[in-house]
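User: I would like a close look at one part of this protein, the last helix, and at how that part sits within the rest of the model. Please take it step by step and keep to what can be computed from the atoms.

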Amino acid sequence: MTLQERVDSDLKEAMRAKDTTKLSVLRMLKSALKYGAIAKSGAEAELSDTEAAQVIRKQVKQRQDSIESFEKGGRAELAEKEREELSILNAYLPQSMSADELSQVVGKAIAEVGATSKAQMGAVMKALQARVGGRVDGRTLSTEVQKQLQ
């Protein structure tokens with residue numbers, strides 16, 4: 001079952017269970033996935049699981065930013081609502097890489113590309129994007145590459 005099929009299935013279950021929070025999050029997610037597919041190559045396109053995970057990561061990032069903003073603004077109730085949505089979205093992301101596993105993958109990619117300085121970071125990041133397959137967010141990946149290229 002692909003990620004999009006899983007979202008569709010869970011959406012139907014949320015409708016049956018009358019779980020309004022999960023239902024609204026999954027509707028938003030389905031819309032974002034459809035928009036991503038249209039942006040990729042037209043209305044009939046399907047996203048791969050890796051591309052779908054990227055869309056979900058983008059939604060997760062939006063929720064994290066909202067939580068931070070609401071907490072700064074003293075809106076604890078809205079921050080809590082965003083946390084609920086975040087927990088639902090996190091269930092659809094693939095298992096994240098451990099720090100050790102990430103470090104090894106980055107080390108191998110640096111060796112294969114032959115990078116010796118931060119100027120070659122783009123080539124390393126490009127090689128890594130295909131390998132990690134959405135299991136690590138871009139910021140974490142970038143930080144690890146910078147750390148190892150020092």
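Analyst: Two residues are said to be in contact when heavy atoms of theirs lie within 4.5 Å, and the packing described here rests on that meaning. The model is a predicted one, and its secondary structure comes to seven helices and zero strands. The helix to be examined is α7, which covers residues 138-148.

Which residues of α7 are buried? They are Leu141, Ser142, Glu144 and Val145. Because these four cover an arc of only 165 degrees around the axis, they lie on the same side of α7. In general, an α-helix has 3.6 residues a turn, so residues three or four places apart point the same way. The face turned away from the buried side of α7 carries Arg139 and Lys147, which are exposed. As for partners, the buried residues of α7 pack against α5, residues 99-113, and against α6, residues 121-132.

Within this buried side, Glu144 deserves a closer description. Its relative accessible area is 11%, and since buried means under 20%, Glu144 counts as buried. Once neighbours within four places in sequence are left aside, Glu144 is in contact with Leu102, Ser103 and Val106. The side chain of Glu144 also makes a polar contact of 2.7 Å with the side chain of Gln148.

The two helices that receive α7 can be followed a little further through Val113, a residue of α5. With a relative accessible area of 35%, Val113 is partly exposed. Not counting neighbours within four places in sequence, Val113 is in contact with Ala123, Val124 and Ala127. Val113 and Ala127 are 14 residues apart along the chain, and their C-alpha atoms are separated by 7.9 Å.

Turning to the interior of the protein, the largest nonpolar core has 24 residues, and those with the most contacts inside it are Val7, Leu26, Leu29, Leu33, Ile56, Val60 and Tyr92. Helices α1 (3-17), α2 (20-41), α3 (49-72) and α4 (76-90) each supply at least two residues of this core, and the largest share, seven residues, comes from α2. To take one of the core residues, Leu29 touches Val7, Ile56, Gln59, Leu89 and Tyr92 when residues up to four places away in sequence are not counted. Apart from this core lies another, of 16 residues, among them Met97, Leu102, Val105 and Ile110. Leu102 thus appears twice in this account, as a member of that other core and as a contact of Glu144.

There is also a pocket to consider alongside α7. About 370 Å³ of space lies in the largest pocket, and of the 15 residues that line it, the closest to its centre are Arg57, Val136, Asp137, Gly138 and Arg139. Helices α3, α6 and α7 each supply at least two residues of the lining, with the largest share, five residues, coming from α3. Arg139, already met as an exposed residue on the face of α7 turned away from its buried side, is therefore also one of the lining residues closest to the pocket centre.

For the protein as a whole, buried residues make up 35% of the 150 residues. Of the contacts with a separation of 6 or more, 56% are between residues 24 or more positions apart. The C-alpha trace spans about 55 × 45 × 25 Å along its principal axes.

Technical notes: Residues are numbered from 1 along each chain as its sequence is written. This is a predicted model: local features need pLDDT of at least 70, side-chain atom pairs count only at pLDDT 80 or more; totals for chains, interfaces and linings use all residues. Side-chain values use heavy atoms; hydrogens and water are left out. Buried means under 20% relative accessible area, exposed over 50%, partly exposed in between (1.4 Å probe, protein chains only). A polar contact is a pair of N or O atoms within 3.5 Å; within protein, one must be able to donate a hydrogen and the other to accept it, and residues adjacent in sequence count only if both atoms are side-chain atoms. The arc is that of the directions from the helix axis to the C-beta atoms. A nonpolar core is a set of buried Ala, Val, Leu, Ile, Met, Phe, Trp, Tyr and Cys residues joined through side-chain atoms within 4.5 Å. On a 1 Å grid over the protein atoms alone, a cavity is a set of points where a 1.4 Å probe fits but cannot get out, and a pocket is an open set with protein on both sides within 12 Å along at least five of seven lines; lining residues have an atom within 4 Å of a point. Grid points are joined across faces, edges and corners, and a volume is the space filled by probe spheres set on the points.
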